[in-house]
Amino acid sequence: MSGGSSYSALDESALRALLDGTMDLDERRLIRSAIRELRRREIEDMEAALASKRFRPTRLKLQEDKENQHRSESSETLDVLSRKLQTIQDIDELTKMLRAASEFEERKMIRATIRRLRDEQQQQQQGTVERGKAPGRCLDPENVEPQSVMGTGVSRAERPERLQ
């Protein structure tokens, strides 16, 4: 098999098999050259695919990139929003507002309000748990009565020595 054009139609594994099967130095050189050319084309194809993914045209859909929009807002609009956010205590309603908002500053303020409400709810839950643990109910080993003495009306001083 001589001539470089016949090698270009083969894949790398077929070219490697031919390389292993021939002892002719000129033929081996042509096969190695065909393998290098095949690899170079594969690399170019991969680079082209990567470049097409990397430089996709920007989408014009406003909703998709609303996280990164940063436009200067009038302070009046933000003040009105701030007052409105102070009256809302429902996280679901705030989440709906967040999804509907497109301005960076609006979204920032709504997220801050959601975080504040969640923190307040968490503190309330912790307060409820701590109120359930009344200070008098704490089991102090000094104040625990043995079961045999409890409810008998025997004071600590009147107990037999082995129970104290």
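These exercises work through the fold and one helix pair of a predicted model.

**Exercise 1. Fold summary**

Task: State how many helices and strands the chain has, and give their pattern along the sequence.

Solution:
- Count the elements: five helices and zero strands.
- Read along the sequence: the pattern is α-α-α-α-α.

**Exercise 2. Burial and surface**

Task: What share of the chain is buried, and how much area does the chain expose?

Solution:
- Take the 164 residues of the chain; buried residues make up 19% of them.
- Turn to the surface: the chain exposes about 13,300 Å².
- Split that area by atom type: carbon and sulfur atoms supply 51% of it.

**Exercise 3. Contact range**

Task: Among contacts with a separation of 6 or more, find the share from residues 24 or more positions apart.

Solution:
- Such residues account for 44% of these contacts.

**Exercise 4. Geometry of H1 and H2**

Task: Describe how helix H1 (residues 12-21) and helix H2 (residues 25-54) are placed against each other.

Solution:
- Choose the descriptors: two packed helices are described by the angle between their axes and the distance between the axes.
- Distance: the axes of H1 and H2 come within 10 Å.
- Angle: the two axes cross at roughly 165°.
- Classify: angles over 145 degrees count as roughly antiparallel, so H1 and H2 are roughly antiparallel to each other.
- Handedness: the H1 and H2 crossing is left-handed.

**Exercise 5. Contact residues**

Task: Which residues of H1 and H2 meet, and how do they divide by character?

Solution:
- From H1, take Glu12, Leu15, Arg16, Leu18 and Leu19.
- From H2, take Arg28, Ile31, Arg32, Ala34, Ile35, Leu38 and Arg39.
- Sort the residues of this contact: seven are nonpolar, none polar and five charged.

Note on methods. Residues are numbered from 1 along each chain as its sequence is written. This is a predicted model: local features need pLDDT of at least 70, side-chain atom pairs count only at pLDDT 80 or more; totals for chains, interfaces and linings use all residues. Side-chain values use heavy atoms; hydrogens and water are left out. Helices (H or I, at least four residues) and strands (E, at least two) are DSSP runs, numbered from the N terminus. Buried means under 20% relative accessible area, exposed over 50%, partly exposed in between (1.4 Å probe, protein chains only). Contact means heavy atoms within 4.5 Å. Accessible areas come from the Shrake-Rupley method with a 1.4 Å probe; for residues, only the protein chains shown count as cover. Axes are lines fitted to C-alpha atoms, for helices over the stretch in contact, and angles run from 0 to 180 degrees between N-to-C directions. Angles under 35 degrees count as roughly parallel, over 145 as roughly antiparallel, 65 to 115 as roughly perpendicular and the rest as oblique. A crossing is left-handed if the near helix is turned anticlockwise from the far one by less than a right angle, and right-handed if clockwise. Ala, Val, Leu, Ile, Met, Phe, Trp, Tyr, Cys and Pro count as nonpolar, Asp, Glu, Lys and Arg as charged, and the others, Gly among them, as polar.
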